[in-house]
Amino acid sequence: MHITLVAGTRPNFVKISPLIHAIQKQKELGVSIDFNLVHTGQHYDTSMSDSFFTQLNIPQPTINLEVGSGTQAEQTGNIMLGFEKFLTNNPTDLVLVVGDVTSTMACAIVAKKLNLKLAHVEGGIRSYDMSMPEEINRKVTDSITDLFFTTSSVATKNLLNEGIREDQIFFVGNVMIDSLLKNKPFFKEPSFFQNQGIASKEYFTLTLHRPSNVDDPDNLNMILKTIQENSNGKKIIFPIHPRTQKIIEQHSINVEQIVCVPPLSYLEFNYLVSNSFAVITDSGGITEETTVMGIPCLTLRNNTERPETVTIGTNVLVGTSTDNLIKHLSILQEGKWKKGGIPELWDGNASNRIINHLLTLFN
Ligand code: UD1
């Protein structure tokens, strides 16, 4: 069988890496399977893209559509134009998209309109918050997907509730965790650890990039001020997404007590997280990684599409009120954070399960 894999952003690269390795393993065993990899170019900086390809051992993409930045519509439109041309010239049995970014949705639409079979890895997750571009991407993608690979029984249930047939859904676990477990022995201390005298468990890792938190400078300022005032002597290390960096610079937001660093490579970022006292974030994927690493996680959002990180894992939805953030920082500092467990099938084998299912269905 032939699969066309799509990736466009940082978290996508982490998810396709183990899928490619699972395909390569089958190929080496003599199974008839091959793939093309399409990089849409939604993320393009070396730190946001190339370093992930190198560290996660992802082969060079068959094509990079080089769409770059733009409004949601510009990005979506440019990805669709490029991907349609590619698929027209490069026949395939199945298009496989991962996650919930603009590239996921744009390529899903193109594939389906060309009457190709479409698989969605991480299907069915829902925040039920339509102000998030990712929720729109999830719902649009899942409304036209043929085969769903889910990370949790909640995601499976969401799909069944939306009328998806049971035989279209495969609960396989979490490909992001496949990457995490495989790469754990290679996590790498970032160079600034030495220069800045950073000690294990003595700092917070902070990440913020969601438009709802960072696009309004007053809001971003308030979040950063609250964290700086309530870190209780612990350092705050902040690998800054380019979107957030621009807003901090344009509005001269005070980050004096924060160690600001550029976006980190995968192995350095996860070294940082695994040695943190706690993580403060508005990301979704990071809440899965902290759950598996057993690191306390405070999520600056009112909802999550990954509820198992809260019900089973170490994650707490702190919301966007500063009072609530202060309250949870003090619970953490009193040593009263929950211990957390690991969700079912987050065991490093999701990609093998996915490729095995596909081989059974297509060969
Ligand atoms: C995207 C995803 C988000 C995911 C995040 C992970 C969507 C709708 N959002 O958000 O779900 O959690 O990736 O990182 O797809 N930029 C650069 N260099 C880059 C990439 C981006 O400078 O390599 C800047 C650009 O100014 C761009 C801005 O960052 O306008 C935002 O990038 P974009 O791809 O639109 O969305 P993200 O915020 O990265």
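In this predicted model, a polar side-chain atom of H43 sits 2.7 Å from an oxygen atom of the ligand. For K246, the gap between a polar side-chain atom and a ligand oxygen is 2.2 Å. Q75 joins in as well, with an N or O atom of its side chain 3.5 Å from an oxygen atom of the ligand; a polar contact here is a pair of N or O atoms within 3.5 Å, and within protein one must be able to donate a hydrogen and the other to accept it, while residues adjacent in sequence count only if both atoms are side-chain atoms. In total, 20 residues surround the ligand (a heavy atom within 4 Å of it). H43, Y44, E134, H241 and K246 are the closest of them. Residues are numbered from 1 along each chain as its sequence is written. Local features need pLDDT of at least 70 and side-chain atom pairs count only at pLDDT 80 or more, whereas totals for chains, interfaces and linings use all residues, and side-chain values use heavy atoms, with hydrogens and water left out.

Now for the domains. The protein chain is split into domain 1 (2–174 + 346–362) and domain 2 (186–333), with bounds from an automatic or database domain assignment. Their C-alpha centres are 27 Å apart. Domain 1 puts 24 residues into the contact and domain 2 puts in 20, contact being heavy atoms within 4.5 Å. About 1700 Å² is buried between the two domains, 57% of it from carbon and sulfur atoms; this is the accessible area (1.4 Å probe) lost on putting the two parts together, summed over both.

What holds charged partners across this interface? Three salt bridges span domain 1 and domain 2, each a side-chain nitrogen of Lys or Arg within 4 Å of a carboxyl oxygen of Asp or Glu. The structure as a whole holds 18 salt bridges. One pair is R306 with E122, their closest N and O atoms being 3.2 Å apart. R306 lies in the loop between β12 (297–299) and α14 (308–311), and E122 in the loop between β5 (117–121) and α5, 184 residues apart. Eight residue pairs are also in polar contact across the interface, both residues at pLDDT 80 or more.

On the side of domain 1 that touches domain 2, the elements giving two or more residues are α1 (10–28), α2 (46–55) and α5 (133–144); helices (H or I, at least four residues) and strands (E, at least two) are DSSP runs, numbered from the N terminus. The largest share, five residues, comes from α2.
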